[in-house]
Every structure is written in structure tokens, then in C-alpha cells.
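Thanks for coming. I will put the structure up and then go through a few parts of it in turn.

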Amino acid sequence: MNVGRQLCALIFCILAIPPSFAKNYLSSTYPHDVLEKCLVMPGEFRPVPTAASSFWRDSIPETIRKSYIAYGETYLGKDWPALPATMFSEFKTQGNRVRYEGVCFEKRRHLAALVMAEVAEGRGRFTNDIIDGLWSFFEETWWGLPAHYGHPVPLPEDQNVDLFNAETASLVAWSVYVMSEQLDARSPLIRKRAAQEIDRRILKPAFNGKYWWKTAGMNWNPWISSNWLACVLLYEQDRTRQLQAVEQILGCLDAFMDAYPEDGGCDEGPGYWDRAAASLFEGLNLLRIATGGRIDLSGNAKLQAMGSYIYKTYIGNGYCTNFADAHDNKAVQQVNIVYPFGLYLNDAKMRGFGKYLWQGDDHAGEAYSLSGNFPTLGRELLFLKDINAFEQEQAREPLLTEVWMPNLQIMTTRDEKGLFLAMKGGHNGESHNHNDVGSFIVYADGQPLLIDVGVGEYTSKTFSNDRYGIWTMQSGYHNLPQINGFDQKDGSDYRAEGAVYRKGSLTLDIAHAYPKEAGVAQWKRTARLIRGKGVEITEDYVLNAYHSPSRLMLITPIQPEQAFGKIILGKHRIDYSPNDLRVEVEPISGLLDPLLKKIWGDEMYRIVMTVTSQTTKGRVTYRIR
């Protein structure tokens, strides 16, 4: 009898655990015959009402509607910008990708703002400008970015499917879908032209092309696939090709999910989560709508972990843990994806975080269209479909006390006095990697104290063989040791080993992140938050030989002041033994480009703590209080 009860209890426990992804889960669970029965027929996908529907005016609160309209009015009557071939070619000739991207993105914001204004107002006032804008898009030779193109100028015959070709196709698709009645009232030829452009720019090349991103485990895969899927569902008219395209997309999303770690950690950092796990959700959400709920992964444990990563890496006061290629240290502001993702997962923390992000934004009470990822029009429309639920949500700042992601080897921990510590292990072959194995950051009272600089403006060098010539990618400009004169090396072979996590503490042996020439047998680094007292860092090392002094680097945006055995950083300080360490401070403000200055201000400093001992074995401890 007892055995029977135990067996029943075991079965109940197993059933209560949300399933994780099996390999190729989507493709194997929803093969062709299943899709044929449940996928919406071509021309019948109606994910949201169109702009002609009173739904938008009845559902969106008046203050929000007015702000959409006011935002759209800032573009009303403005000329549509040109994208000259000479500007496109600057990436190849000068390595500059910022100038073209700035104009390109602003043009797309222009269209999205006008469309949302018309959705909110519904009087046709913005329609002429939208038509002219669409025609301007139709006349662009290619919709992507020069950094992702093989030629110095765009060619009509080369419709390579990159991130922003897909993103723009989706923007055009959603714009034409939601404005269908107004456009047809002017001329059905507008929608016909849109269908032709979407077909030749994404539907055919994405379907026929053997692109590397289709099997990638990083953001390109779901970012493109989710936009491609939107275009397939809204514009593919051939049932056979529709089903085959969706089958391909399921395979793409499978490849991405299979490559993702079980802990849900995004090795590209929180800045790219928006286009990694969040784009995966975007695709899954479209599939759920298009199959009447048949494809629904909302209860999947791995997907839940992938979603919760965004608040697990949240520091507080709007900041996030910004390892890897983060363009700033601010938490993702995309309310129109954080909240719907949380709603999909039924994750109360994530839903509350979405509401908190909106309330804490500088534009609180204004149009959600000012969120950072705009002009992702589909996200905005699908978010507004659930605006009533969002309005009732209670804002919650997710200040988690303790987080450990074992696959990604990231720990975060905080105490009640306002100190926050995060540390990472992993390896130096991660997507959007910096050579930063063993690095840590410290925030105090919700403000940056010891930081990860992140990444500056992207150039032609950023994703080339010269990537690690950029200072922000080098371990010497992270909170890391330089051992025997050597910095870390890039590549997946250079990694942390022997991770030991205990509550508030992480120990990593980072010796293998350095080249053999560094002569390091062991470098055990422990970062520990001693609650109420501060952060303690211990460097426990064994060298094969001593060649030159090892140096411990710390990066801060606060001008340090020195006293005996102390480095003073505003209201906080670093205590160290002058017998063990010799300290110098190097201003590095001259290295900052305009983007980094915008994030951190005009000043930045590298604290260099040189180990005085010339022995091959030792231990150094310093504390942040």
C-alpha cells in the first residue's frame, strides 16, 4: 500500500513538472499533416482588427491614444528621407555603419509612427503620408543594412535576407494589413504592389535560400524567422508554399531552441535578449494565433527560463547586468514584448516587470511607440490587443536576492544595504563575446560602481577578424587580472573551470582563459557578497613561472581618490593591503566614442592594482564597501 502511494506521488510529481524541449520539438510535434489541419488558410489570418475598426478607439485609453496621435503628428507632412548609394557604400569605403543606419531606422520609425497615429485616431488624416511612405519603401533597392551585404551598393537582383530586410518586410506587411481599407479606398494597386515587394524581397528568397542563420543558435535565427513568419501568414497566397514555409520556420526555431542552455541564459546579454528569446516568443505567439491555440508552448520549463532571464539579470533603478555586446546598461525598455511574453507564460514577475518598465520610463503615460525597439509594429499592435489586462496589472520591480544560471555561469546577488554583485564564467567563444571570463560588476544604491563598459558604436571592425583589437572587447578593460603581462584570448577553448556556486558567492578557475604563454597553472577567483558588509574578491593563484607583475584591472565611471590602503569611489571605497598591491589610476575617457559617452558620461577610469609579490603562488584579497 505504501509502495503504491509512493508510486502515485512520484507520478504526480513528474506530471507537475512543466516539460522542457525535446530536440526538434516543433518539427516533430507539428509535422506537415498536423499543420495542414490547424494552420489558418492563406488570406484568413486576422491577428488584430484593422485601423478601420472602432476596437482601437474603444479599447486604448484616451491619454495613450492622444500620445500616439501627437507622436504621429511630429512626422505629418515631412518629406520621406532618401538612402543614397554613396551613404550605403560608406561601410565598405570607410567602415562607418552608423550614418546609413541612423537615416534608415528613422525612416522606419516615421512610417510606424504614422500608422499608429491613424490606428489611434481613425479619421484618415495620416493616410496620404502613409501611402507616400510605403511607395518610398517600395522604391528602395534593398531593405537591409550595408554591414550585412556583399556589394558596396544595393542591387535589385540580390535580395539577401538579413535582419533588417526581414524587419522592414514585416513593418510593411503589418502597415498594409492594418491600413487595408484605407489603402483600398485610394487604390487596390497599393496592396497589390506591397504583396509583390514582400514576395520578391522575403517570401521567395527566405524560402529558397540556404542561409546560415536557419540553423544558428543566436539572435539572427528567431529575429529573421519571426518576421518571415509574419509575412508568410499575412501575404503567402499559395497553400502548399505557406505550409512548407511554416515547416521551414519551425525547423529554424527548433535549431535556436535546441542550442539554448537549459537555464534560459542568453549568452549575447540582456541587450540581445530582445531579439533572441523575445523574438522566439514572437514567432511562437504568431503560431498560437495562426493555429487557434494548437501550437502552445507556454507551459514549457525551458521557455519559461528563457523569458525570466530578462528580470533575473535586472539590477535595479532601471539598470541591467550588461555582459557581452550590450549597447547600454539599461534594462530592456520594450514593454510591448516584455509584458506579452509574461502574459503568454503566465509569469507574474515578468508581467509586473513590464508594467514597472512603462511606469519608470521617461515617457510614462505617453505612447508605447516610444519604446526602444520601435518600429516593430506587429509587437505594438499585438500588445495593444491586451491593453485592458495591462492597465489592470500591478507594477513590480523584480529585485531578486539571488540568481544562479549554471549553464551560462552567471551569478547575481544583492543585499538589503543596496550592494549588487554579478559575476560570469563561461567561455570566450560565446555569441557577441567579449574576453571577459571571470569578470564581475558591482552596483551600489542602484548606481554603477565597478562596471562592464559594454560595446561602442558598431563599425566594420566589430564583426571582423580584428574584433579583439577593439579595446572594449579586451579583458584588460574588464574587471579582470592581466597575468604575467598577458590578457585573455578569444575562442571557446578559453574558459572558466571548476565553478563553485554558493549563496552569494562564486568561485571560478580562470587560468584556462589565458594563453599558455601566461604561465598560469591556476587562478581561482572568488567574488562574495558579505551581506551588510560589502563585496570581497579573492585572487588565489599558482604560476608556472614568474615573468612580469600581474595586474588587477577595475573599470569605474567614478573618479577615484587614493588614500593609504583605500581607493575612494564617491560614498564607497575599495580596501586593499598596500603590502600586496600597488595602485595606479588611468583615465580612459579618450577611448570613449559618442555612444559610450552617452551611456557613461565623459569620464571613465581604469584602476590598475599591481601584485607586488614575485612568488609563483599567492593570494590577494580586496573588499568593496
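Is Cys-252 buried or exposed? At 2% relative accessibility, Cys-252 is counted as buried. Before going on, note that this is a predicted model.

Staying with the cysteines, the structure has zero disulfides. A disulfide is a covalent bond between the sulfur atoms of two cysteines. Why does Cys-252 not form one? Its closest cysteine sulfur is in Cys-231, and that is 14 Å from the sulfur of Cys-252, so the two are too far apart for a bond. The cut-off for a disulfide here is 2.5 Å between sulfur atoms. Cys-320 is a second case: the closest cysteine sulfur belongs to Cys-266, at 11 Å, which is again too far for a bond. Cys-320 is also buried, with a relative accessible area of 4%.

Next, strands β3 and β4. β3 covers residues 402–405, and its side chains alternate. Val-403 and Met-405 point to one face and are buried. Glu-402 and Trp-404 point to the other face and are not buried. β4, residues 410–414, runs antiparallel to β3, and four bridges join the two. One of the partners to look at is Ile-410 in β4, which is bridged to Met-405. The two strands make a hairpin with four residues between them. In that turn, Gln-409 has a positive phi, about 60°.

Ile-410 comes up again in the cavities. How many cavities of 30 Å³ or more are there? The count is six. The largest cavity has a volume of about 110 Å³. It is lined by 17 residues, and those closest to its centre are Asp-267, Phe-323, Ala-324, Ile-410 and Lys-424. So that you have the chemistry of the lining of this largest cavity, it consists of seven nonpolar, five polar and five charged residues.

Now the pockets, where I will take the second largest. It holds about 300 Å³ of space. There are 15 lining residues, and Arg-46, Tyr-177, Ser-180, Arg-191 and Leu-234 are the closest to the centre. Which helices each supply at least two residues of this lining? They are α11 (180–186), α12 (188–208) and α13 (220–235). By class, the lining of the second largest pocket has six nonpolar, four polar and five charged residues.

Last, the sheets. One is an open sheet of eight strands with antiparallel pairing, in the order β11-β12-β13-β14-β21-β18-β17-β16. Its edge strands are β11 (497–502) and β16 (561–563), each of which pairs on one side only. From one strand to the next, the twist averages 15°. At the β16 edge, three bridges join β16 to β17, residues 566–569, and the two run antiparallel. There, Ala-563 stands opposite Lys-566 of β17.

Another open sheet has four strands, in the order β9-β15-β20-β19, also with antiparallel pairing. The edges in this case are β9 (481–482) and β19 (581–587), and each pairs on one side only. β19 pairs with β20, residues 605–611, in the antiparallel sense over seven bridges. In that pair, Pro-587 is opposite Tyr-605 of β20.

To go back to where I started: Cys-252 is buried, and the structure holds zero disulfides. That is what I have.

Methods
Residues numbered from 1 in each chain as written. Predicted model: local features only at pLDDT ≥ 70, side-chain atom pairs only at ≥ 80, totals over all residues. Heavy atoms only, no water. Buried < 20%, exposed > 50% of the residue type's maximum accessible area, 1.4 Å probe, protein only. Pairing = 2+ DSSP bridges. 1 Å grid on protein atoms, 1.4 Å probe; cavity = no way out; pocket = protein on both sides within 12 Å on 5 of 7 lines; lining within 4 Å. Points joined across faces, edges and corners; volume = space filled by probe spheres on them. Axes fitted to C-alpha atoms, helices over the stretch in contact; angles between N-to-C directions.
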